[in-house]
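Here are my notes on the model, set out as numbered points for your own check against the coordinates.

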Amino acid sequence: MDSSTIDQMVSVEMALALRQKQASYVDAPVSGGVVGAQNATLTFMVGGGDEQPVFDRAHTFLSKMGKNIVNWWKVGNGQAAKICNNMMLGISMIGVSETMNLGGFGSALMAKDLSLAQNAATDTHAPTPLGSMAHQICKSFSSRLRVAVAHSHGEVHDHEDGDKSHVHVRDLEERRRHQVERDKSFLRARAENEVQMPPPIPKPDIGAGDDADGRRITVKQMTKFAWDSYKKYAWGSNELKPISKKGHSASIFGSGDLGATIVDALDTLYIMGLKEEYEDAHKWIEMNLDFKRLARGDISVFETNIRFVGGLLSGYALTRDEMYLKKATSIVDLLLPALTHQLGIPLALINIVSGKAKNYGWASGGASILSEFGSLELEFDYLSNLTGNDIYRNKIKTVRDFLTSLEKPDGLYPIYLNPNNGKWGQREYSIGAMADSFYEYLLKQYLVTGKKDTRTKKEYNEAIEAMEKKMLFSSSPSNLKYFANLKGSRVEHKMEHLGCFCGGMFALDAFNEPNATRARHYMDLAKDIGHTCHESYRKSAIGIGPEAFRFTNDVEAVAVSSQEKYYILRPEVVETWFYLWRFTKDQKYRDWAWDVVQALEKHLKVEAGYSGVKDVYQVPVTHDDTQQSFLFAELFKYLYLIFSEDSVMDLTQWVFNTEAHPFPVRNS
Ligand code: DMJ
């Protein structure tokens, strides 16, 4: 998608906002814009591309004025006024505000507030040379202002400027007629575009009637802040150390700088309409992302697949930019040696330079791990679908066929599988770490194929029913439902933060389930899990829960071991609330998500981004100095979407991979 289309999309978002809220609008960077904002209940700023410092100043100033519901779009230089002119009342904003500081004047005009517009026009506080010039120009326009305002009220015949002004009114009417024509052709073009690009590009429909708008905007601003910090201090590194202000990497990425944050954040930036940030990401990927050149050491096949391949494929799905598809394909081609081992059961690690794959030494005698080899299907199958090359799909089919043929102890899937002899390893079971996304992909493969892949759904149903029998417990005295881990026949009464994702999975299944009794059962279970995980958040000192929590005689949903008290910006709990919000519309899920936003701001925000913490029960917190890439891919995305309309990433049209990268539902 080119930048002008994004500008147009931004303009649609803004126009809707303005129309529905009757809000003021400020064309920043402008001193007059600030004046215009003074009486506004909701303020929007739009700024040109190369005016960032002034734009930032206006933003800071508005915040100081207590305008904390501020949405701001930074669009291409010269686009701001054009966008506003195109989308607003059909009257031209005198056509000069894109080069001059006429924001306050323009915004007041838009708000149809004559006296405010006059104030703006006579603002003597314009601090910049451009501002003073604007002041002069505003003054010279102020006599004609009445005409424009009257016109916007539909009172075009009764004004004080005589014939001269009538000419001006006719002029305005002429412009408006042209404008209507332009709007029509723009809408036509957009409609045509949509026909070629299913499913529709998601954009928020602002103005839902609660304060979700402001909350969503806050999440967008947080995302921008975290992104700007990454860009400033760690551009091209995998992640950011937001306290040390330098790049960070984890072992899953090997020892190369692969720009993991850039790829993981790509679709989130796009969905939020952070246009310049998206374009920076696009450019970096286009120019730099080359695993052959950048990857060093052993990289995780699973993480590379869900973050990089998933991120690029959803980039393609959203924009149809072939570059993303090519990059995704070249990465998957490099991963293929990890899927050629004996029985075809994927191995965990691959060295791109040597092409050699292996498993972790610590995993039950070199076993492959259920969540890892079981979470490749969405990406590989979609890639075959897009490229017409069946090799990826066939590799995964081998794995799927093999799993189908295996006997499952009590219907359960152990987390270890020996890739050499095809036998299960230690009998350990979980719905969290090392298992989670295997179940998720059984359900989602069924959904993303337009419910054609019924085998995966059948296996999903059987697996979940077996887990409910053996692993689902209720705590005492609060009756909190949770999935425990099994180690052989020993029950470990602990649930992991990772496992909290399952509430969302149950809700998604229930929503798509034709059998009403079954649907009710799983929606209830989803709500129970959402509640339990919320308890783990509520009982911490920072309002966000730990890595794992236990149920004993003394505690319910509280971490006990010091090793389990940390929080690393994981998304799973908010993810579940997001699905529950979409399907139940119970306001409490939005409120809980908002509590998380506030906790992030209060305890996890540091000078240059957001950091995990070592102990959620201790305030002040100790930070871990890591801004994980999934903060962008998942946590910010789910927070943003929970405060958006359902049409933004409609869940009947899109399926999220386990890193929250959206793939379109294939209906044919
Ligand atoms: C993400 O990378 C994915 O959601 C994965 O499936 C497991 N969890 C992490 C974030 O917690």
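1. The ligand is surrounded by Phe302, Ile306, Arg307, Leu498, Arg570, Pro571, Glu572, Phe630, Glu634, Thr658 and Glu659, where a residue is listed if one of its heavy atoms lies within 4 Å of the molecule. This is a predicted model, in which local features need pLDDT of at least 70 and side-chain atom pairs count only at pLDDT 80 or more, while totals for chains, interfaces and linings use all residues. Residues are numbered from 1 along each chain as its sequence is written, and side-chain values use heavy atoms, with hydrogens and water left out.

2. Polar contacts to the ligand (pairs of N or O atoms within 3.5 Å) involve side chains of that group. A polar side-chain atom of Glu659 is 2.5 Å from a ligand oxygen, an N or O atom in the side chain of Thr658 is 2.7 Å from a ligand oxygen, and for Glu634 the corresponding distance is 3.1 Å.

3. The axes of helix α22 (residues 572-584) and helix α23 (residues 587-604) come within 8 Å and cross at roughly 150°, helices being DSSP runs of H or I with at least four residues. The two are therefore roughly antiparallel, a term used for angles over 145 degrees. In their contact (heavy atoms within 4.5 Å), Val574, Trp577, Leu580, Trp581 and Thr584 of α22 meet Gln587, Tyr589, Arg590, Trp592, Ala593 and Val596 of α23. By class, eight of these residues are nonpolar, two polar and one charged.

4. Some backbone geometry also merits a look. The Ser476 to Pro477 peptide bond is cis, with omega near 5°, and the Val619 to Pro620 bond is cis, with omega near 0°. Lys451, although not a glycine, has a positive phi of about 65°.

Technical notes:
Axes are lines fitted to C-alpha atoms, for helices over the stretch in contact, and angles run from 0 to 180 degrees between N-to-C directions. Angles under 35 degrees count as roughly parallel, over 145 as roughly antiparallel, 65 to 115 as roughly perpendicular and the rest as oblique. Ala, Val, Leu, Ile, Met, Phe, Trp, Tyr, Cys and Pro count as nonpolar, Asp, Glu, Lys and Arg as charged, and the others, Gly among them, as polar. A polar contact is a pair of N or O atoms within 3.5 Å; within protein, one must be able to donate a hydrogen and the other to accept it, and residues adjacent in sequence count only if both atoms are side-chain atoms.
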